[in-house]
Structures are given as structure tokens and as C-alpha cells.
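Me: I'm new to this one. Could you show it to me and then take my questions?

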Amino acid sequence: RHPSPAAMVLALRAPSPPVPAWTIPLLEAPGPGGARWGRRRGAGNAMSLRERSPGRTAEDGEDAAGALAEPDGSDRCLSLLPWDRFSAWLHCVCVVGFDLELGQAVEVIYPPHSKLTDKEKTNICYLSFPDSNSGCLGDTQFCFRFRQSPGRKVSFCCFLDQLDRDLPVYLKKDPAYYYGYVYFRQVRDKSLKRGYFQKSLVLISKLPYVHLFRTMLKQIAPEYFEKSEAFLEAVCSDVDRWPPPIPGKILHLPVMGIIMKLRIPTYRDKPGTTPVVQNMHQADAQISMALPTVHEVDLFRCFCPVFFHIQMLWELVLLGEPLVVMAPSPSESSETVLALVSCISPLKYCSDFRPYFTIHDSEFKEYTTRTQAPPSVILGVTNPFFAKTLQHWPHIIRIGDLKLPGEVPKQVKVKKLKNLKTLDSKPGVYTSYKPYLNKDEEIVKQLQKGVQQKRPTEAQSVILRRYFLELTESFIIPLERYVASLMPLQKCISPWKSPPQLRQFSQDDFMKTLEKAGPQLTSGLKGDWIGLYRHFLKSPNFDGWFRSRQKEMTQKLEALHLEALCNENLVFWSQKHTEVETVDLVLKLKNKLLQADREHLPVKTDTLKKLQTHINDIILALPEDLQDILLKTGT
């Protein structure tokens, strides 16, 4: 049998040569920056113990964001290395050109130390150029998403991942994927053998801030194609001076003489509201540009070709159904895929999605195989080859050129899949899916009226986004209400027992709640809501949502358990128990402190300070040789 941690600590009491007190390192209670080492100043001094172990958390203003900048965005931390700020926003910048012998090739990676595997480089090469059939002359912007190669070491900047917890769930970084933001130029050039100049400037980032990086590329790419590498180096140096991407702060991001002013949303923001970022008047010659959003696409423009079917498309995305968007160019395909993914916000779309997907993609075989059912994924494609390869997929959206609607779109019926022969087929939705909910004619009429009255497309997008938000909230509120009921009562939490477990999710029990507390309380839509819920409970989106809620509630229970411990007289308890039991308690309490810091438990700073004081007082009540050992012991 293995000895208990407490027994192992007591075993250390065996006589050993005396060690000068000043040489013994003390691992203090962890703060947000990790463990802090200090010198032992005398075990018997309670005051010195308390001074050394404040047990501070992120609430003290020393979280990742604070360590990099003050709330006003000014610098405070001097320990940042070159390119740390750059890495908070971008992984690297690539230039992809066309070589007659090699085909697409990565010509430049900046900063030069940026790491990309051969597989990642190959994916970037093929995804950075439109398919030859697209005929994209001039300048084209689009984005793609690709898998990060496994086994990559995480950089120092992972410490910025703490900022992630303040983001809405749909904006959190996915550690397994990168985004590529592309500015592609193709123009005639008789001096080149091929007869065309073809090149892409690509920003590789973990951040899904589509509008921000699209705006940035629009400003820098045309000038880059004229001035080349020195200009690119200057751009990257500018990015390395940006403040960290702190959610909720007004950020000023200078790049090549222009200042982009923006605000990244937080999870505390009311869904559907976007705080207005006002343009500012600069005293100097720099031009200011206020971005209304960092991540949203023009929803109405994307859905206009199929807006008679928006409600059905919302259901297909909600249920994680396999979807293909066939479009004439990467620009249309990527914007439409991103619009589909965002239509179930504030729910996070938990399956894979590829705004632009090619036959050269490393997951091509995995996603197009006929030996198994199509996976839960949304693909944006432009190559006519996919019309044949993905014929067995159950839901296909065919769109034409995305133009600003000048007239009322004609009613387009849902088409049968067998009618989809080629990519030249007429625009529409090809599926045999029957929606669970009755069609909402009001939203269609409202948008049609907007087109007739020449309402700005931004205003149409606001109406459409609000419609999707209300629909999603009406659907998710009954689930939120039921899952909240699985939480044990606070009176069930005992400081002397492990925190209680959440009750199991029961589909039958949840369905029973819908009769009195279902979506009919907030939505006037009729239809088979029960059938929609049954289908949703089997989907990856439910699994991802429930896991997230489960984690939040488990952390809440841990936090309540910590508070219960703090309200006990632990020194009195230790005096009535054996040394082994007391040492065991100290080690468990230290573990609790570490857990609170590591998992960012929702605990008040005062609670952690109080717990640290309890630990110090218990240690001081023990014999001096045990005090020495426990002060050296982390966990």
C-alpha cells in the first residue's frame, strides 16, 4: 500500500543536518502569475507568514490582461519578449506566390522564427489561391480555416489564453485550428511567363476576428504588393506594439499610419447589443477608423440568395447537419459559411466548419468518403468537382454572385438533391429535409419590405441577426432552466465532505418541463418543438453546450465548497485531531488554493485570503519541525 501524502510529510521529520533558515525556499500561495518563491524568515512568526501569502487572484487586477497593460491600455509589464505582443494577435504572416514549376509556394513567412509544419504550409498554399475556375481577376478577399498539426509546443503567449475566459463562447479560440485571412491579387503582366501576376498576402491567426483582419488587409495589402518585404516587416513591427486583445476594452491598433479603434465583446455583454465605438479626432496626422464589429459578417448580403429558407437553414445549423455551400468564388463561400455558423449565436457551433475547402485539403478524403455517413461539418467549396464528389450529402446550398439586392428576390422552392447535377445548377437549397417549425412569414415580409424601400443592407442585417437571436434564445432558455435545476442546493454543501455531484440530465424529465415552461413562453412560432429538441439532444452542438454548462456549474460547486471551508474554525478542528489528520487537511487546503487559481474558480479574493490565513494559523499551531516541512511543501 502506498503511504498517504500526510504520512509522507510526517516521515520527513527524521533527524537531518540543520539547514540555515535563509537557504530554505518557500513556495507561497500561488497568485495569477503562478508560484512565487521567497526566503523563509522564521516559521514561528505568524505576521511574516501572512505577509508572504496574500492568496491573490485575478480580481486583484493581476490577471493576464493586467500583467500586460493597465485598463487604459498603457504598458505595465516589462518582462514581455519581442514578438509576444504580435503573437497575441497573429501566429505569422505569409506570402504565397505561384511558381510555374512548383505551383503555389510559400515565399515569405514573417516573423522568420514562426513555426509551420510542412503539412500546414501545404494547406496554406492551396487554400490561399482561388480555384482556377473562379476567374478572380483583380483583388479578392476571403478566409479559410485549417487544422493545426498535432504535437506542436505551446508558446509563452499561451498565458494570454486567460483572456479567453472573458470572451463570449462563440469567440473563444479553438486550440486545434488556425484561421487564414487572405488578400489575393491576380492581374495581367506580360513580363511574366504565365502572363499573370498572382500572389496572396495571408494573416494566420487563432482569433476568429474576421472583420478586423479583413479591414487590416484592405489597408496594407495593396501597398505591400507595391513595396514588398520591407513594408511587411514594418507592418509586423506595428502589430508587435499593439495592446493585448482584452475583451471589453476600447483598443487602438496602429498600422502603417492608420489607427483602428475597436472593442472585443465580453461574455457579460447583453446578446445582440454592440457598444458603439465612436470615431475620434486625432491631434496628429494619423487617420482613425472605428470598427463597428471585430467578427460579424454582412448577414443579409450572405443570406439574400436563399432568404426564403433562413429558418430551415437555422434548424440545419442548430442540429449540426452536414452542409455544403457551393459558390462561384472563395469570397462568397467563406462569407456564407461564416454567416451560417453565426446564425445560432449566442450558442457556439461545436462541429468543424471550413469557409473555403479544396480538393487538396488534408481532410479531403476524410470528409468526402462514401463509406460512411457525411460528418457534422459545414464546407464552403467552389470547384465543380465537388458537385459530383458531394452528391451523396443531404443538404446543399447553391449560391450565385453575392450582390447587393436591388429588387425583391423571387420565391425559390426547395429543390430535390437529384436535380443538382453540376455547380452550374440554379441557386437554391437542395435537400429533402422537412423543417420541424412552421415558416415565419413575418420576417420574410419585413426583409422584402426593406428591399423595396431600399433599406441599407447593414439595417437588414441587424433585423436578421435579431431574428436569429430571439429564435435561438427561445429554444435554449427551457434547456438553461432545466439544467439549472440539476444544481444541488447550497445547504447540501458540507465543508467536511467532497462537493456534491450535479444530478444527471434526463431527457424524459426535460421533455416534461416543456409543457408549462417551453419555448411557447417567448416565441409565437408553432410546430414540432418536441421533435426539434429530441433531434438537438443527439447533436454535437448540444454535447458542446452541455459540457460547457457542466463545467461552469461544477466550478461553482467547488467555489461554494471553498466558502464553506472558510467559514469553519479550522484551527479549533485541528486541535481536536491527530497530527496526520491535521497535515492531511493542510495539504488538501493548499490543493484547493492551487485549484482555484488553475481553474479560475469564481471565488472572491477575500475568501482565498481567508483560506490562506487558516492554513498559516494551523501550521503555526503544529510543532516547529512540522512547520518547517509544511512551509516547504507545495501540495
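Reply: Sure, here is a short chat about salt bridges and exposure. This is a predicted model, where local features need pLDDT of at least 70, side-chain atom pairs count only at pLDDT 80 or more, and totals for chains, interfaces and linings use all residues. Residues are numbered from 1 along each chain as its sequence is written, and side-chain values use heavy atoms, with hydrogens and water left out.

Me: What makes Glu363 and Arg147 a salt bridge?

Reply: The term needs a side-chain nitrogen of Lys or Arg within 4 Å of a carboxyl oxygen of Asp or Glu. Their N to O distance is 3.6 Å, so the pair qualifies. Glu363 sits in the loop between β12 (352–354) and α11 (364–368), and Arg147 in strand β5 (residues 138–147), 216 residues apart. Both belong to a salt-bridge network, with Asp174 and Arg354 among the other members.

Me: Why is Glu363 called buried?

Reply: Buried means under 20% relative accessible area, exposed over 50%, and partly exposed in between (1.4 Å probe, protein chains only). Glu363 has 3%, so buried fits. Arg147, at 28%, counts as partly exposed.

Me: How do you know that Asp543 and Arg547 are about one helical turn apart?

Reply: Because they are four residues apart in helix α17 (residues 540–566). Helices here are DSSP runs (H or I, at least four residues), strands too (E, at least two), numbered from the N terminus. Asp543 and Arg547 also form a salt bridge, with their closest N and O atoms 3.0 Å apart.

Me: What makes Arg547 exposed?

Reply: Its relative accessibility is 54%, so it passes the cut-off for exposed.
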